[in-house]
Structure formats: structure tokens, C-alpha cells
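Colleague: Got a minute? I'd like to go through this one with you.
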Amino acid sequence: MDLALSEEQEMLKTMAHDFLTDKLPKTVVKEIEESEEGYSPELWKEVAGLGWMGLAFPEKYGGSDMSFLDLAILLEEMGRACLPGPYFSTVVLGGLSILDIGSEEQKQEYLPKIANGEAIFTLALTEPSASYDAGGIETKATANKDDYIINGTKLFVPDANVADYMLVVARTEAKSKAEEGITIFIVDAKSPGISHTVLKTIANDKLCEVVFDQLKVPKENILGELNQGWQEVQKIIQRAAVAKCCEMVGCIQQALDMTVDYAKERKQYDRPIGSFQVIQHYCADMATDVDGTRLSTYQAAWMLSEGLPCTQEVAIAKAWAGEACQRVMALAHQIHGAIGVTIDHDLQYYTRRAKAAEVSFGDASFYREIVAQEMGL
Amino acid sequence: MDFRLSEEQEKFRQEVREFLEDELKQGLWEPSCDAWIMGHDPEFTKRVSKKGWIGLTWPKENGGQERSFADRLILTEEMLRYGAPAACHWFADRQIGGAIVHYGTEEQKRELLPMILRGEAYVGLGMSEPDAGSDLASLKTKAVEDGDYYVIDGQKTWTSGGGHMNWIYLVARTDPDALKHRGISEFFFETSLPGVSVQPIVDITGGEHFNEVFFENVRIPKKCLIGEKNKGFYQVLNQLDYERSGMERLMANYPLFAALIQYTKETKRNGKPLSQDPLIRSQLAQLKIEFEIGRLHMYRVATIMDEGRAPNWESSMSKAYGTAFEQHLASTAIEILGLYGQLSPQSKWVPMKGMAYHSYLSSKGYSLQAGTSEILKNILALRKLELPTQ
């Protein structure tokens, strides 16, 4: 058992940390958040230039042949820096899904485009039911000669406003079991028949409503197996949940660091507030939550990276992270006092993201039920 | 990064399980909560000793096996999972043997370690006093030099297993004029010496696990001093880090968890097993999540020790976390059992042999022993986060 990062991984972490700290002062984060696109094309190019898009792709697809665990380290630093934009959508939701289940042809077509920063991807999965269960998929794809015609509404689709491609999860056959008859399609997001509306969200990210109206998709754009898509979707959700946990680790680590620094500087009663035991114990509780989240997240990321079955470990990591983040942010605010609830203070970026992350790709209740099943209950 | 245990470690776990299963089959003992600290069974300890499972991590030259702390964690994890009566050797194996290996003279190692390895040293830990709890350095028990002897006078309290001990590891003041942290030394001696008397304290479970220990003009040979005179407080801080690091801080009442899961599967309410009730599923899953997070904390501490570093704030974190889990488990168990949860182990109708009742009461002490959660959080704040003291 070895719970430490390798030397190369430590270097990657430091490099990512330094780069993102340099590029993303919160004034820039704010500017990007408020832009129509929700990302910075210049920064996007730089990130691609660093090889981060294709970090976990094999070299033959333009990648760096590194692992999901290495990607986890990057995601943690992105969470720490509050990187806005479609990195998560493109790489975790799009790229890794194609790498996992795409045909050789699809991999050759799309992965190099992602790796060099040419293509933005996203996943259109959830619908107005806002559920991660198969029963929530009502969008229909009907076979029509060499095409499928897709109709329906997707909600909470990240970065659909700037996406070049979407993976669309749709029902291709009505079956008695909700898990059957579902198929994933790779869709050109600029096709006629797709419209989107950007929703206003707590994290100021670009979650969209996406409406498909007689959208025509060629049959060869099926990703994975016809009617067998749900199993793959579950793997996509699982990977996304772990990736989200990685961002959450970065988020609460930064919130803890900011809070401890503040507690050392801020004086009341002629002494730093961090010298009061009540503040010290709050900080200790935060640190314990951060470490528990880090340990369980990296366990899940490592298992995914190794290709080991990890349904329970992923469920534990995401259920824990979701609630731990809320505890950490609550204490961060309590210790920061009133300054922490001002719009100009950096803390609010973490508060907002932590809350959105809690409900993304399965909340604690969702995963507790999975844990219960894994326990044989 | 590799979260897996090695093949040998998995095999070792299997070996420990088979040993314990076999013991159970023979009906040699019954699984119970707190058996690591309350289950005094000299015969069990002898059988564990024969397997070579005491002193697992010690150097070979001291009779140990130089195995990793992760290996010891595996061993103790299984002992706790099965609720095995390991109290006779637990303290000696966990920290006293290690302290002697670390601080003892060659003569002490030769004389004392084989006895621990044979499972014959039932050690009490003489630390707390009526006026020295968290503030251990305020202790008053004196050890005064007199020729070839130290003469001990004073009183210890909350001494775990005091009723069974035949040896005591004692922290006493050897220099009353020095600053309070700098005048303390450690001693290890037999409790059969004249002047030692033990008085049990009845705890809220009705058990007599805690004790007061009185020392009246007890003459111990000078060779009983462990480590350097007047450096005892610093030695004990290090030992406490080990004392806090173990799996017993997460799994002291694990038999209750296993029994509770089984109970919810077998017990029907409104025609359906309790395990089908969404609220109970959620409660049990939450316990499982908390348990697994705790397990990662514990293994992290072991990997740190295996890197050759003494556990530091990490064992404070794992202990405070783990004992909070144990208390949550006990409390949830009573909640799930509902009215039955209040029945004592001796009562008619009591489910699960009264484990929930016992554990609920007994777990109140978990966050006090070996450093209260508040002291542990102080350690975290000062050592890890480097927050100021003033």
C-alpha cells in the first residue's frame, strides 16, 4: 500500500498549481464567468498546448499516455483554481467516454481533435426529471433509414453553448425495463434541430437546456452498442463523479488554506483568532474532512485508473465529498466572518462551486442507496 | 499510489481469519464489543503468542518479526472484526514493547521483551491522575531515588485493565523542582510489589474496567526506569501517538455493526425486513461510508509508520474521527432498534445480546481515552495547521 503521489505526479501537481495560479486570479475567473462563452479561448489554447486535453489519451490519438490518476491531480488543481470552462465536459464527459467505448474510427476522428484543443465536447444526459436513473431518459431517437431522428429536451447540459459535439443519451426502443433500449449518439452540436438556452446557476457555469427538434444523426454516430447504452452511461456517470470529487478536493483544500491563513492574520481581542481553541477546532474539523475526502477520492480515482471494479468506492467517495464540502464551506464562512460573504471576497467562488458539485453526478442520497445495495441490504 | 494490500498481506489476513474462525468454531469465546480492552483471556493470548502475532513489528533481534505496521493493522483489524478477547496482550503489544525496544537498555530488552512476546505481561497504563487528565504533565505521583531504588508514592486513576494487570507502565515525577514537563520519568515494574493496591471504578455499563491504583512507599529497583530520567514526558508523547494510531479507535464496537446489519435483514416491521426501509438503508449506508473513510485514515497512519516516521497529527486525526464514528454507530443502532434498543444485556427480549445498549454507554469513553477529541484537535491545529497559541 502506497498512498503517496509519485515524483512525476508531484511535479505535475506543482506545475498545474503554478500555471493555474498565474493564469487565474479571481478577477480573471470573474471575467470568464461573466462572458457569454464561459471560457477563455486563449487559455483553452494554452491548456491544449500543455498537453492537458489529451493527458490520459494514448499517444496514437494525440495524447500523453498518462493515466486517469494523473488526470485526477490536474482536476484537483483546476478545482482549487476555479477554472471556468468546458475542460471537464470535453475531456471527462466527452473524450474519456469515446476512448472507453468508441470504435477505432471514432477514436481516430475525435480524440486528436480534443487533444489539440480543436473540439469542445459535452454530454447531454439529464432531462427535466433531473435524475441520474435510466427512467429519466425520455428523449427519443427513432430510426429512419440511415439516420436516427432525435426529439426531446435535455437539462443541465454543461457548456452546450460552446460545444462542437455532444454525446446524447436517448431512448431507441421502448422496453419494459428502463435500463434497456438506451443508446448514446455522437452529435454535431452545430446541426440544425438543436437549440440551447443557458441557465442561471449557483456556480455561474454554463448549464444549458438543450432542445432536439427532429435532429438527424447518422447511424454510424452511435457510440457503443445500440440499445445497450445504459451500462456505458453508468460508467460515464461513475467517472464523472470521481472527476467531480477531484475538483471538490481542490475546492475544499483551498477553502481550508484560505481559512487557516485568515485565522492567523485576523486579530480580535489583541490576538489572532486562530489562537482561540474554538477556531482551532473548527479548522481541525475542516482538515479532517478535507483529508477524508482526499483519501476516498484518490482511492476511487486509483481504482478507476487501474480498471478495477469500484462501484462501492466511487459511491463512498461522492457521497462523502458532497456532504464534507458543505461542512467545510460552512466553517470556512463562520471563521471568515462577514468579509467572507461579500461578493468581492474569493471565498464565495468555492462556496458556490461546492454546492453545485454536491448535486452533480449523484448526490449523497443517490450514492447511499448504491452503498446500501453493495452492502447486500 | 497503490491502495492495494500485497498478496502476502491478503494471505496473512486470510490466515488470521482462519485462526479466529477456528477459535469460534471451537466455542472458545464469544465475539463482543470492546473485547480488545475488556476481553481478558490469558489462554487466547497464549495462542496468539504461539502464532507469533505479538511483537509483529519489532526487530528480529528483539524476538519480533520486523513486519510492517500495515501487517499489524491487518492483524488487529481482524481481531476487532471478530470481537476477539485480546485485552491481556493488547497494550504490551501496541505500545509498551515498542517503547522498550526504542528506549530500553539491552538488559531491559533481554529481560522484558520475551515475557511480552510470550503473552505473559498484562500491562496497565499508569498515566492519568485525579488532577492530571488532559494536562498529564501536572501529575503528582513521585518517584524518589533511594540508593539502588526509586520509591513511588501517589495515585493513578482511569487505569484500564487495572484489575488484571501484573505489570504497570508508570509515569511519575522525578524532579519536583524542574518545569513540569521536564521532571517526569517512565517506569515499568510488577504490580505484585508491596505497596501497590488497586480499586475498581464502576463505569456506566456496570463494568469494572477502570481502576484507581495506589502506590504507597513502593520500592522499585532503578533498572525499572525506562529511557532517560526526566525525559519521560517526551517519551510518552511519542507513545501516545502510537496508542492513538490503531484500528481499535474505529472498530472497538465493530461486532455491533455486523450484528446490526444482520438484524435489519432478519427482522420484519410492517411485513417487510427493516433493511428494505429506505431510511434504515440510508442510515446503514452512511455508517458504512463513515467506516470506510475511517479505515483509510487508519491505513494512512500505518503507511506513515512504515515509511519510518512516527505517527504525528495523523493519528490524532484518525483517532478523533474514528471514535466519533464508533459513537455514531452505537447511537444509530439504538435508534434502529427503537424501543428494543433500551434493553440491557441481561433483559428479557433484548436483541443482539444487548450489544447496542452496552456499546452506546461504553462508547462515551472512546473520545476521552488516550487523548480527548479536544486535545487531539488542539494537536491538529498546532502541529498540522500551525495555528498560533496566542
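Modeller: Sure. One term to begin with: a residue is buried if 20 or more other C-beta atoms, placed from the backbone, lie within 10 Å of its own, exposed if 12 or fewer, and partly exposed in between. By that rule, buried residues make up 54% of the 377 residues in chain A.

Colleague: Anything I should know about the model and its labels?
Modeller: This is a predicted model, where local features need pLDDT of at least 70, side-chain atom pairs count only at pLDDT 80 or more, and totals for chains, interfaces and linings use all residues. Residues are numbered from 1 along each chain as its sequence is written, while chains are lettered from A and ligands numbered from 1 in the order in which they are written.

Colleague: How many helices and strands are in chain A?
Modeller: Chain A has eleven helices and ten strands. Both are DSSP runs, numbered from the N terminus: helices are H or I with at least four residues, strands are E with at least two.

Colleague: And how far does chain A span along its principal axes?
Modeller: Its C-alpha trace spans about 80 × 50 × 40 Å.

Colleague: Let's look at some packing. At what angle do H1 and H4 of chain A pack?
Modeller: About 25 degrees, with the axes 9 Å apart. H1(A) is residues 7-23 and H4(A) is residues 68-81. The axes are lines fitted to C-alpha atoms over the stretch in contact, and angles run from 0 to 180 degrees between N-to-C directions. So H1(A) is roughly parallel to H4(A), a label for angles under 35 degrees.

Colleague: Which residues of H1(A) and H4(A) meet?
Modeller: In H1(A), they include Leu12(A), Ala16(A) and Leu20(A). In H4(A), Ile73(A), Leu74(A) and Met78(A) are among them. Contact here means C-beta atoms, placed from the backbone, within 7 Å.

Colleague: Switching to chain B. How many helices and strands there?
Modeller: Chain B has 13 helices and ten strands. Buried residues make up 54% of its 390 residues.

Colleague: How many residues of chain B are in contact with chain A?
Modeller: 36 residues of chain B are in contact with 38 residues of chain A.

Colleague: Which helix of chain B gives the most to that side?
Modeller: H10(B), with 14 residues. Helices H10 (278-306), H11 (313-337) and H13 (373-384) of chain B each supply at least two.

Colleague: What kinds of residues are on that side of chain B?
Modeller: They divide into 19 nonpolar, eight polar and nine charged. Ala, Val, Leu, Ile, Met, Phe, Trp, Tyr, Cys and Pro count as nonpolar, Asp, Glu, Lys and Arg as charged, and the others, Gly among them, as polar.

Key. Contact = placed C-beta atoms within 7 Å. Parallel < 35°, antiparallel > 145°, perpendicular 65-115°, else oblique.
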